[in-house]
Amino acid sequence: MDKNFILFGPPGAGKGTQAKMISKRFEVLHLSTGDMIREAKDDPIFAPYLTSGQLVPDQIIVDMVVKRLQREDCKNGFLLDGFPRTLFQAEQLDKFLNKLNKKITEVFCIEVSEEDVIKRLSDRRVCPVCGGSFNLVLKPPKQVGVCDFCNAVLVKRKDDTPETVKERLDVYNKQTKILIEYYMKIGNIVKVDGTLAPEKVFAKIENFVNNNIK
Ligand SMILES: [Zn+2]
């Protein structure tokens, strides 16, 4: 069966780490729409939204993802991260996959409590040069305050304060609730306890795939 996955998870749930592991283990392309949009900053379609800070309309995002999914490297499957964000996007994605006789095989939803998210994000340090991400408690850098990969000085992201984290969580919960209901009806959603160590979270996902997707 195709491995066409979606990954949901609030900020601070360790989604990036899981995405890397899933994509490597199952040889599926990790498609982060956030990265795609950032990379498209010079694209005349995206540039006006990015410079004005306006939300990119659903249809433009859908077109971008659908176009990307048709490339050769998505043949084995894919892992969508940051998409779909709205019901419209989810429905359009299904319409597109239907035409190809495909479907979303599984939606993994990493669940973490609000308290844990706030704690994790206040302990998070990122590298402004290479994008490396660390956690003072869970994943400390080898040398205090310094990036393992490029030796740059680590910083705390401005939006990793309890107040902004709460706001980001509210947005996430509002957005995802409706999507979770949508995939619940289809019956392909798997909830994973994200408070476990990253390897354990991944082991759950891996077991699920091995046992259910042949
Ligand atoms: Zn770095």
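User: What makes strands E2 and E3 count as a pair, and in which sense do they pair?

Analyst: E2 and E3 pair in the parallel sense over 4 bridges; two strands are said to pair if DSSP finds at least two bridges between them, so the 4 bridges of E2 and E3 satisfy that condition. In E3, Leu79 is the bridge partner of His30. Helices and strands are themselves DSSP runs (H or I with at least four residues, E with at least two), numbered from the N terminus. The model is predicted, and local features need pLDDT of at least 70, side-chain atom pairs count only at pLDDT 80 or more, while totals for chains, interfaces and linings use all residues. Residue numbers start from 1 along each chain as its sequence is written.

User: Which strand, by the same test, pairs with E1 over 5 bridges, and which over 4 bridges?

Analyst: E1 pairs in the parallel sense with E3 (residues 77-81) over 5 bridges, and with E4 (residues 106-111), again in the parallel sense, over 4 bridges. On the E3 side, Asn4 stands opposite Phe78 and Ile6 stands opposite Leu80, whereas on the E4 side Leu7 stands opposite Phe108.

User: Why is E3 described as largely enclosed, and how many residues of E1 are buried?

Analyst: A residue is buried if 20 or more other C-beta atoms, placed from the backbone, lie within 10 Å of its own, exposed if 12 or fewer do, and partly exposed in between. Under that rule 4 of the 5 residues of E3 are buried, so the rest of the structure largely encloses this strand. In E1 (residues 3-8), 5 of the 6 residues are buried, and the strand is mostly covered.

User: How do you know that the length of helix H1 agrees with its number of residues?

Analyst: The expected span of a helix is 1.5 Å times one less than its number of residues. For the 12 residues of H1 (residues 15-26) that gives 16 Å, and the end C-alpha atoms are 16 Å apart, so the two agree. For H5 (residues 87-99), with 13 residues, the expected span is 18 Å and the end C-alpha atoms are 19 Å apart, which also agrees.

User: Which residues of H1 are buried, and why are they placed on the same side?

Analyst: The buried residues of H1 are Lys15, Gln18, Ala19, Ile22 and Ser23. They cover an arc of only 125° around the axis, which puts them on the same side of H1, the arc being that of the directions from the helix axis to the C-beta atoms. Among the elements that cover these residues are E1, E2 (29-32), E3, E4 and helix H8 (198-212).

User: What makes Glu27 and Asn101 count as exposed, and what is the sign of phi in each?

Analyst: Glu27 has 11 C-beta neighbours inside 10 Å and therefore counts as exposed, and Asn101, with 7, is exposed as well. Glu27 lies in the loop between H1 and E2 and has a positive phi near 50°, although it is not a glycine. Asn101 lies in the loop between H5 and E4, and its phi is positive too, at about 65°, again in a residue other than glycine. Most residues other than glycine have a negative phi, and most peptide bonds are trans. The bond from Phe83 to Pro84 is cis, with omega near -5°, and Pro84 is placed in the loop between E3 and H5.

User: Why is Gln175 called partly exposed?

Analyst: Gln175 has 15 other C-beta atoms within 10 Å, which makes it partly exposed. This residue lies in helix H7 (residues 162-186); Gln175 and Leu87 are 88 residues apart in sequence and 8.8 Å apart in space, C-alpha to C-alpha.

User: Which residues touch the most other members of the largest nonpolar core?

Analyst: A nonpolar core is a set of buried Ala, Val, Leu, Ile, Met, Phe, Trp, Tyr and Cys residues joined through C-beta atoms within 7 Å. Of the 35 residues in the largest one, Phe5, Leu7, Leu79, Leu80, Phe108 and Ile110 touch the most other members. Helix H4 (residues 58-69) contributes the largest share of this core, 5 residues.

User: How do you know that the protein is as compact as a globular protein of its length?

Analyst: The protein has 8 helices and 7 strands. Its radius of gyration is 18 Å, close to the 17 Å that the globule rule gives for 214 residues, so it is as compact as a globular protein of that length; the radius is taken over C-alpha atoms, and the rule is 2.2 Å times the number of residues to the power 0.38. Along the principal axes, the C-alpha atoms fill a box of roughly 50 × 45 × 30 Å. Buried residues make up 26% of the 214 residues.

Definitions and conventions. Contact = placed C-beta atoms within 7 Å.
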